[in-house]
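Below are some reading notes on the model you sent. They are set out as numbered points, to be read with the coordinates open.

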Amino acid sequence: MKDIYTLGIESSCDETAVAIVKNGREIISNIINTQIPIHTLYGGVVPEIASRNHIQNISEVAKMAICEAKLTFQDIDVVACTYGPGLVGALLVGLSYGKALSYAINKPLVGTNHIEGHIAANYITYKDLKPPFICVMMSGGNTQIVYVKDYTHFEVLGKTKDDAIGEAFDKVARVIELGYPGGPKIDSLAKDGKPTIELPKTHMEGLDFSFSGIKTAVINLHHKNPQINKADLCKSFEKTVAEMLIENVKKAVAITGVKTVALAGGVSANSYIRDEFMKLAGETKIYMPDLKLCTDNAAMIASAGYYNYIAGKVSDLTLNAEPDLKL
Ligand code: KG4
């Protein structure tokens, strides 16, 4: 069979990224221009600034991806582009570029769901991984337990009722003055801490989550006792959220009988959470993306786009951005 080169485009938040992936699994090039240093000045992502920077960067990032792959735009077979969920202005930049490129090179456009992309990051890391599996999707905007039935068929078994887990990491880090983005800062400070502080766990019905209670508890503890050991607080926070995640994943495995579990999304880069999930390895097979594929990138979008293309799911030029797109 002829090789298929998919060019992926990602601009849903603060990364402008373009990648080229062969046959959905092999990265040929993967360029990520992150705006983190710009948004750090404001303590979080400023949507208008993100859109403006995507506009400034997208053409150059795409040219770099083509150049690094030693290909030309004409060699691309499929253009896969994130169209949601995310910030509408930011999404529109990548989507408009993707539509223009698909039209110019006369190749199919595949509108790609950002969450499907995070799940697909596992296909790049593990060439042998095939559905069905359970995916714990945990990012800055989403937290859900997904039953991946096939490459393009998903059932959401449970999700957060309030804050996304990454949002909780970022808000806690901001209040205890660790800076932005909070996840990586909590990850490194927690390495010096002990999980000595008892924090509340929310038990929801079924496989749903709630992270606002623990977030508020950590923030209140810090306000009431500014001298509290921040490393211990971070470690206790990580331990409690990891327990909440693992409890629900065990339930998902029991309900579905599927004993393969994959992690996805920015928070799956967390070293403590990765270690805790690895402890389940044995009867359950555990997969987690390479660290550089956990956070936003376009290789994962190219992979998910490829599987949609193979399934005949292509888009036309009327495709619009969908900020609240669901799986
Ligand atoms: O997947 P992602 O790059 O963007 C979304 O699609 O939302 O996730 C970003 C989130 C942020 O909340 C960030 O703080 C968190 O992932 N994150 C981490 C770590 N690295 C990134 N959280 C905990 N530990 C980390 N090492």
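The points below go through the cores, one helix, the salt bridges, the ligand site and two single residues.

1. Status of the model. This is a predicted model, and the remarks that follow should be read with that in mind.

2. Main nonpolar core. The largest nonpolar core contains 43 residues. Met-138, Phe-237, Leu-245, Ile-273 and Phe-277 have the most contacts inside it. Strands β6 (133-138), β7 (143-150) and β9 (260-264) each give two or more residues to this core, as do helices α5 (165-175), α6 (182-190), α7 (212-224), α8 (230-256) and α9 (271-278). The largest contribution is that of α8, at eleven residues. As background, nonpolar side chains in soluble globular proteins tend to be buried together.

3. Ile-273 within that core. With neighbours within four places in sequence set aside, Ile-273 is in contact with Met-138, Phe-169, Val-241, Ala-242, Leu-245 and Val-267. Two of these names, Met-138 and Leu-245, also appear in the list of residues with the most contacts inside the core.

4. Second core. Apart from the largest core lies another, of 27 residues. Its members include Leu-7, Val-18, Val-61 and Ala-321.

5. Helix α8. This helix has 27 residues. From first C-alpha to last it reaches 39 Å, close to the 39 Å expected at 1.5 Å a residue. At its start, a side-chain oxygen of Asn-229 comes to within 2.9 Å of the backbone nitrogen of Ala-231. After the helix comes Gly-257, with a positive phi near 75 degrees.

6. A buried salt bridge. The structure holds twelve salt bridges. In one of them, Asp-163 pairs with Lys-215, and the closest N and O atoms are 2.8 Å apart. Asp-163 sits in the loop between β8 (153-159) and α5, while Lys-215 belongs to helix α7, so the bridge ties together parts that are 52 residues apart in sequence. Are the two partners buried or exposed? Both Asp-163 and Lys-215 are buried.

7. Salt bridges of Lys-201. Lys-201 forms a salt bridge with Glu-243, with the closest N and O atoms 2.9 Å apart. Because Lys-201 is in the loop between α6 and α7 and Glu-243 is in helix α8, this pair ties together parts that are 42 residues apart in sequence. Lys-201 also meets the side chain of Glu-247 in a salt bridge, at 3.2 Å from N to O. Glu-247 is likewise in helix α8, so this second pair ties together parts that are 46 residues apart in sequence.

8. The network and its exposure. Lys-201, Lys-239, Glu-243 and Glu-247 are linked in a network of salt bridges. Lys-201 has 30% relative accessibility and therefore counts as partly exposed. Glu-243, at 28%, also counts as partly exposed, and so does Glu-247, at 31%.

9. Ligand site. How many residues surround the ligand? There are 19, and the closest are His-114, Gly-140, Asp-170, Asp-187 and Gly-266. An N or O atom in the side chain of His-114 is 2.9 Å from an oxygen atom of the ligand. Backbone atoms take part as well: an N or O atom of the Gly-166 backbone lies 3.2 Å from a ligand oxygen, and a polar backbone atom of Asp-296 is 3.0 Å from an oxygen atom of the ligand.

10. Val-79. This residue is found in strand β4 (residues 78-84). Its relative accessibility is 0%, so Val-79 counts as buried. Not counting neighbours within four places in sequence, Val-79 is in contact with Leu-7, Ile-9, Gly-98, Leu-101, Ser-102, Ile-105, Pro-108, Leu-109 and Val-110. One of these, Leu-7, is a member of the core of 27 residues. Val-79 and Gly-305 are 226 residues apart in sequence, and their C-alpha atoms are 7.8 Å apart in space.

11. Thr-260. Thr-260 has its place in strand β9. Why does Thr-260 count as buried? Its relative accessibility is 17%, and the cut-off for buried is under 20%. Leaving out residues up to four places away in sequence, Thr-260 touches Leu-129, Pro-132, Phe-133, Ile-134, Lys-285 and Tyr-287.

How values were computed
Residues are numbered from 1 along each chain as its sequence is written. This is a predicted model: local features need pLDDT of at least 70, side-chain atom pairs count only at pLDDT 80 or more; totals for chains, interfaces and linings use all residues. Side-chain values use heavy atoms; hydrogens and water are left out. A nonpolar core is a set of buried Ala, Val, Leu, Ile, Met, Phe, Trp, Tyr and Cys residues joined through side-chain atoms within 4.5 Å. Buried means under 20% relative accessible area, exposed over 50%, partly exposed in between (1.4 Å probe, protein chains only). Helices (H or I, at least four residues) and strands (E, at least two) are DSSP runs, numbered from the N terminus. Contact means heavy atoms within 4.5 Å. A salt bridge is a side-chain nitrogen of Lys or Arg within 4 Å of a carboxyl oxygen of Asp or Glu. The expected span of a helix is 1.5 Å times one less than its number of residues. A polar contact is a pair of N or O atoms within 3.5 Å; within protein, one must be able to donate a hydrogen and the other to accept it, and residues adjacent in sequence count only if both atoms are side-chain atoms. A residue is near a molecule or strand if one of its heavy atoms lies within 4 Å of it.
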